[in-house]
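Work through the exercises below with the model open beside you. Try each task before reading its solution.

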Amino acid sequence: MEKIGFIGLGIMGKPMCLNLLKAGFSVTAWNRTTAKIDAVVKAGARAADSPQDVAKKSDIIITMVSDSPDVEEVILGDSGVVHGAQSGSVVIDMSTISPAVTRSIAAALAEKNVEMLDAPVSGGDTGAINGTLAIMVGGKRHVYDRCRPVFAALGTSITHVGDHGMGQTVKLCNQILVSVTNMAVCEAVTFASASGVDPRIMIEATKNGAAGSWQLANLGPKMVDRDFAPGFMIDLQQKDLRLALDAVHQVRLATPALGLVHQLFNGNQAHGEGKEGTQALVKSIERLAGR
Ligand code: NAP
């Protein structure tokens, strides 16, 4: 079995690392805040001193950190993966970052004969814990085939979508779909209430028809119950929508609904609601409606 390195043991990274151990992989792990390494060491992982040290001891190195500059730092920085990676090894970045930055990192790694896949995920912390993530993979087909057993330990829907950066592009499509649908749910819930219809009944009546969606079935009832605890935080969604808007700009496309939902979330953030779940978008719609 390939030796796995894991960098970034946050909300998503820690359960993913545990699932790799459960599947029988030997794992060497590193996290910037060292205290977070203990939980995976208890489950059988070896601790490393730096991303470079992880790379030295691994065939396949997974990164699961926050944003584009963070991935650049752990891969290309002073003690980054690139300084320890052996020729023929593979770096899989599973964070959600910019497709353009992904392509530049892949090019820098290729100079050292190190392959890269971008493999962002959807499914939240529950998907990470249960090993049921949807994984969208960009990079060379033969590298994807080599890494399939690793993906199989982490997710249930695994799709090779194209070349370097295209996994990230598909993840940004996912975020456009999710956030614009969420906005429609917010408008429908607010309209139902304003018109004297019980929004709970509206959701029941529509969720199994052509208007059905994960957002309607799961976020709709939370809006009605005023439950704004985060499944997925507005601040993180805004990072992804910013990445999507940048990528859309690079191909000179107009995506007005994406722009609108980003602006409405700006309103949530201005009201101190950035740490709430994305269903709190309904508060922005209500404020516009004077409700
Ligand atoms: P998180 O809990 O905030 O964890 C982020 C991890 O990255 C932490 O281990 C953090 O280290 C590390 N990190 C950040 N910047 C770093 C840097 N410059 N150098 C070294 N380490 C750094 O975030 P998360 O929820 O696990 O998300 C990780 C990625 O998955 C993000 O790209 C996110 O968009 C994506 N994602 C998240 C979800 C979700 O529901 N949470 C769903 C799908 C995709 P420290 O412990 O030292 O802070």
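**Pockets of the predicted model**

The lining of the largest pocket takes at least three residues from each of domain 1 (3-163) and domain 2 (169-288), with domain bounds from an automatic or database domain assignment. The model is predicted, so local features need pLDDT of at least 70 and side-chain atom pairs count only at pLDDT 80 or more, while totals for chains, interfaces and linings use all residues. Residues are numbered from 1 along each chain as its sequence is written, and side-chain values use heavy atoms, with hydrogens and water left out.

**Exercise 1.** Describe the largest pocket (on a 1 Å grid over the protein atoms alone, an open set of points where a 1.4 Å probe fits, with protein on both sides within 12 Å along at least five of seven lines; lining residues have an atom within 4 Å of a point).

*Solution.*
- Step 1: the space in the largest pocket is about 1,500 Å³.
- Step 2: 50 residues line the largest pocket, and Ile-11, Met-12, Met-64, Phe-232 and Leu-236 are the closest to its centre.
- Step 3: α10 contributes the most to this lining, five residues; helices are DSSP runs (H or I, at least four residues) numbered from the N terminus.

**Exercise 2.** Describe the second largest pocket.

*Solution.*
- Step 1: the second largest pocket holds about 270 Å³ of space.
- Step 2: among its 16 lining residues, Pro-99, Thr-169, Leu-172, Ala-247 and Val-248 lie nearest the centre.
- Step 3: α5 (99-110), α8 and α11 each give two or more residues to this lining, and α11 has the largest share, six residues.

Definitions and conventions:
Points joined across faces, edges and corners; volume = space filled by probe spheres on them.
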